[in-house]
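Here is a walk through the model, piece by piece. Keep the viewer open and follow along.

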There are 2 protein chains.
Amino acid sequence: MGKGVHVQDLPGVGKRYDIDLGRPDQRISVVLRSGGIRDLYVFASASADPTAVIELSEEQARKVGAVLAATFFEA
Amino acid sequence: MGKGVHVQDLPGVGKRYDIDLGRPDQRISVVLRSGGIRDLYVFASASADPTAVIELSEEQARKVGAVLAATFFEA
C-alpha cells in the first residue's frame with residue numbers, strides 16, 4: 001500500500017504524506033499534525049502552489065477518509 | 001458517524017456525499033461512481049463552484065482515505 005505515497009517527518013509539527021496520483025497536474029498532500037488536525041493540500045494543476053487547502057479536525061478527516069474508501073455508512 | 005454527511009443517490013452515476021465541515025467557506029463533496037472512480041470536489045470559498053476537482057481511482061482514493069484517517073502504514 002506504501003507505493004505512491006511519500007512520507008516525511010516534520011519535526012515539531014507531525015508528518016507529511018505526499019500521494020502521487022500518476023499525473024503531473026494532480027497531487028494530494030496531507031499534513032497530520034501531532035494534535036490531530038489534518039491539513040489537506042490539493043494540487044489540481046502543475047503549479048507548486050496548492051489549488052485548495054482545507055483544515056480538518058480528526059473527526060472530519062475520518063469522515064472524508066471513510067467516504068473516499070467507500071466504508072462510510074449512514075448512522 | 002452519519003452526522004454532517006449528506007448522501008444523495010445519483011441514478012445511473014453513483015452516490016454523492018456532501019461532508020459539512022462546519023464552516024461556510026469549507027466543504028468537501030465526493031461522488032462515488034458505480035465503476036469505482038471517485039470525484040473529489042473541494043470548496044475552499046463560499047462560492048458554489050469547487051476550488052479544485054480531483055479524479056481518483058479506487059486504489060488512490062483508498063490511499064488518501066487511509067492517510068486522512070491516520071490508518072496508513074508504509075509497506
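## Helix 1 of chain A

Helix 1 of chain A is mostly tucked away, with eight of its 11 residues buried. The buried ones are Q60(A), A61(A), K63(A), V64(A), G65(A), A66(A), V67(A) and L68(A). Bear in mind that this is a predicted model.

What follows helix 1 of chain A? That would be A70(A), with a positive phi near 60 degrees, and A70(A) is not a glycine. The residue sits in the segment after the helix and is partly exposed, at a relative accessible area of 37%. Over in the other chain, A70(B) likewise has a positive phi of about 60 degrees without being a glycine. A70(B) lies in the segment after helix 1 of chain B, and its relative accessible area of 37% makes it partly exposed.

## The sheet of chain A

Chain A has an open sheet of five strands, in the order 1-2-3-4-5 and with antiparallel pairing. Strand 1 (5-10) and strand 5 (52-56) of chain A are the edges; each has a single partner strand, so one side of each has no neighbour in the sheet. On average, neighbouring strands here are turned by 15 degrees against each other, direction ignored.

Zoom in on strand 3 (residues 26-33) and strand 4 (residues 38-43) of chain A: they run antiparallel and are joined by six bridges. Within that pairing, V30(A) stands opposite L40(A) of strand 4.

Which helices pack on this sheet? One is helix 1 (residues 58-68) of chain A, which touches strand 4 and strand 5 of chain A and makes about 115 degrees with the direction of strand 5. Another is helix 1 (residues 58-69) of chain B, which touches strand 1, strand 2 (14-23), strand 3, strand 4 and strand 5 of chain A. The direction of that chain B helix makes about 170 degrees with strand 2 of chain A.

## The sheet of chain B

Chain B also has its own open sheet: five strands, order 1-2-3-4-5, antiparallel pairing. Its edge strands are strand 1 (5-10) and strand 5, each pairing on one side only. The twist from one strand to the next averages 15 degrees.

Strand 1 of chain B runs antiparallel to strand 2 (residues 14-23) of chain B, and six bridges join them. In that pairing, V7(B) has Y17(B) as its bridge partner. Helix 1 of chain A packs on this sheet, touching strand 1, strand 2, strand 3 (26-33), strand 4 and strand 5 of chain B, and its direction makes about 170 degrees with that of strand 2 of chain B. Helix 1 of chain B, for its part, lies across strand 4 and strand 5 of chain B, at about 115 degrees to strand 5.

At the other edge, strand 4 (residues 38-43) and strand 5 of chain B pair in the antiparallel sense over five bridges, with D39(B) opposite E55(B). Strand 5 (residues 52-56) of chain B shows an alternating pattern: A52(B), I54(B) and L56(B) point to one face and are buried, while V53(B) and E55(B) point to the other and are not.

## The nonpolar core

In soluble globular proteins, nonpolar side chains tend to be buried together. Here, the largest nonpolar core has 38 residues, and I28(A) and I28(B) have the most contacts inside it.

What does I28(A) touch, leaving aside neighbours within four places in sequence? In chain A, its contacts are Y17(A), D18(A), I19(A), L21(A), L40(A) and Y41(A). From chain B come L40(B), I54(B), L56(B) and V64(B). Two of these, I54(B) and L56(B), are on the buried face of strand 5 of chain B.

## How the two chains relate

A turn of 180 degrees with a shift of 0.0 Å along the axis lays chain A on chain B, at an RMSD of 0.0 Å. That's the relation of a two-fold axis. Which residue of chain A comes closest to the rotation axis? It's G65(A), with its C-alpha at 1.8 Å; G65(A) is also one of the buried residues of helix 1.

The copies meet through the same surface, because 100% of the interface residues of chain A are also interface residues in chain B.

## What the record says

UniProt, in an unreviewed entry, places the feature "domain: Potassium/proton antiporter subunit KhtT-like N-terminal" at residues 5-71 of chain A. That span is 16% helix and 52% strand, and its end C-alpha atoms lie 21 Å apart.

Note on methods
Residues numbered from 1 in each chain as written. Chains lettered and ligands numbered in written order. Predicted model: local features only at pLDDT ≥ 70, side-chain atom pairs only at ≥ 80, totals over all residues. Heavy atoms only, no water. Least-squares fit on C-alpha atoms with pLDDT ≥ 70 in both. Contact = heavy atoms within 4.5 Å. Pairing = 2+ DSSP bridges. Helix = DSSP H or I, 4+ residues; strand = E, 2+ residues; numbered from the N terminus. Axes fitted to C-alpha atoms, helices over the stretch in contact; angles between N-to-C directions. Buried < 20%, exposed > 50% of the residue type's maximum accessible area, 1.4 Å probe, protein only. UniProt positions renumbered as here; feature names shortened; annotations may be inferred. Core = buried A, V, L, I, M, F, W, Y, C linked by side-chain atoms within 4.5 Å.
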